Amino acid sequence: MIKQSFPELEQVEAILQEDNAMYLHSQILCRVSHDNDELPVYALTLGNREADMPCVTFVAGVHGLERIGTQVVIAFLEGLLERLKWDRVLAEILQRVRIHFLPIVNPIGMLNKTRANGQGVDLMRNAPVDSQEKTILLAGGHRISSVLPWYRGKANDSMQPEAQALCDFIAKEVLPAPFSVVLDCHSGFGFRNRIWFPYARSKLEPIKHLKEVCYLRKLFMQTYPHQDYLFEPQSQHYLVHGDLWDFLYMKSLENDNVFLPLTLEMGSWRWIRKNPLQLRQLLGLYHPIKPHRLSRVLRSHLILMEFLLHATLSYQSWINSSDAKELEQQALTHWYA
């Protein structure tokens, strides 16, 4: 049987077939079965692979309908690979930092144009962690039936293979780093682009590294004052069960390293406001349909991704800033009072 595919998977495999061996390390984290075929979950790595290097990780495709996130991550990777052919500064940067790309965590969902994976499970509700407070009905994660969206899976089941592969990769390749940032790219919520940090399980409990994430936020806002992101806790909007980044962040607390998982939630409602007719298409709620708008989105997040790369590389110059504690107190008052 001919292997099933879709454009984003073909883009990733085209990158692997090009002459990038001297720059790019790749691995298949798992293969997921679908209609007598298997689709791979890839991880691609640039830079210094020593365990003591800081690292930044770009993740996308956790929800199969939100393919714009995958396209943004692939565009950033392709740009870096092109620059490595001539950019000596970038080549030197990659001696001191590591970049991971997991562009399609849920290939069956992307193939089938569904939010969930092939078993009907929402991977971002699949981790073994429960909200400490009341979640919104259904969307916060439930165990009723896989027919309904936001299904967590059965209570005593293991995590789905895609979610487990992501968690195993982060635990092995990311958490040992002295400093690491993750940007997980999603779409489908709000009129503004948002950068969210944990917890998704509690409005009352701040993360241990609140001062670090607040100072990273300050650096971004000061460096790019004309950007259009809201940088805030996810819990400001809704709580969920089974959040993968809550789970991995809590796992990171077993050591003394700093792990900052961020979620980019692209404001897809403004694409709908400008083009209401795109709701006639299945992807219309999550994806910029018109070509010029797609191009704008593909380039608009490159500044954020480049910033995170440089902030990770230079973390020692800002991580212990003298006013970070003051920012933490302001955040506690503003978000957690």
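1. Start with the β6/β7 pairing. In this predicted model, strands β6 (residues 193-197) and β7 (residues 229-233) run parallel and are joined by five bridges. If you want a register marker, take R194, whose bridge partner in β7 is L230. To get from β6 to β7 the chain passes through helix α6 (residues 210-223), and this β-α-β crossover is right-handed.

2. On its other pairing, β6 meets strand β8 (residues 258-266), this time in the antiparallel sense and over three bridges. Here the marker is W196, with T263 as its bridge partner in β8. Strands of a sheet pair through backbone hydrogen bonds, and they can do so either parallel or antiparallel.

3. How covered is β6? Five of its five residues are buried. N193, I195 and F197 point one way, while R194 and W196 point the other way. Note that R194 is among the buried residues here, despite what you might look for in an arginine.

4. Now zoom out to the whole sheet. It is open, has eight strands with mixed pairing, and follows the order β1-β2-β4-β3-β5-β8-β6-β7. The edges are β1 (24-34) and β7, each of which pairs on one side only. On average, neighbouring strands are turned by 20° against each other, direction ignored.

5. β8 also has β5 (residues 179-187) as a partner: nine bridges join the two, and they run parallel. Within that pairing, V182 of the model stands opposite P261 in β8.

6. Two helices to look at against the sheet. Helix α1 (residues 7-17) packs on it and touches β1 and β2 (37-47), with its direction at about 50° to that of β2. Helix α10 (residues 302-313) lies across β3 (55-60), β4 (98-102), β5, β6, β7 and β8, and runs at about 165° to β5.

7. α6 and α10 also share a ring contact. F220 and F307 form a tilted aromatic pair, 5.0 Å centre to centre with 45° between the planes. F220 sits in α6 and F307 in α10, 87 residues apart, so to speak a link between distant parts of the chain. Are these two rings buried or exposed? Both F220 and F307 are buried.

8. Other aromatics are worth a click. A search of the whole structure finds 18 aromatic pairs. Ring pairs link F189, F191, W196, Y238 and W269 into a cluster, and W196 is the β6 residue that pairs with T263. Separately, R201 lies over the face of Y199, 4.6 Å from the ring centre.

9. Why does Q222 count as exposed? Its relative accessibility is 55%, and the cut-off for exposed is over 50%. Q222 lies in α6, the helix that also holds the buried F220. The C-alpha atoms of Q222 and R273 are separated by 30 Å, with their positions 51 residues apart along the chain.

10. Compare another glutamine, Q71, in helix α2 (residues 67-83). Q71 counts as buried because its relative accessibility is 15%, and the cut-off for buried is under 20%. Leaving out residues up to four places away in sequence, Q71 touches E8, H287, L294 and L298.

Conventions
Residues numbered from 1 in each chain as written. Predicted model: local features only at pLDDT ≥ 70, side-chain atom pairs only at ≥ 80, totals over all residues. Heavy atoms only, no water. Buried < 20%, exposed > 50% of the residue type's maximum accessible area, 1.4 Å probe, protein only. Helix = DSSP H or I, 4+ residues; strand = E, 2+ residues; numbered from the N terminus. Pairing = 2+ DSSP bridges. Right-handed = clockwise from strand over helix to strand, strands pointing away. Phe/Tyr/Trp six-rings, centres within 6.5 Å; stacked < 30°, edge-to-face > 60°. Lys NZ or Arg CZ within 6 Å of the ring centre and 35° of its normal. Axes fitted to C-alpha atoms, helices over the stretch in contact; angles between N-to-C directions. Contact = heavy atoms within 4.5 Å.
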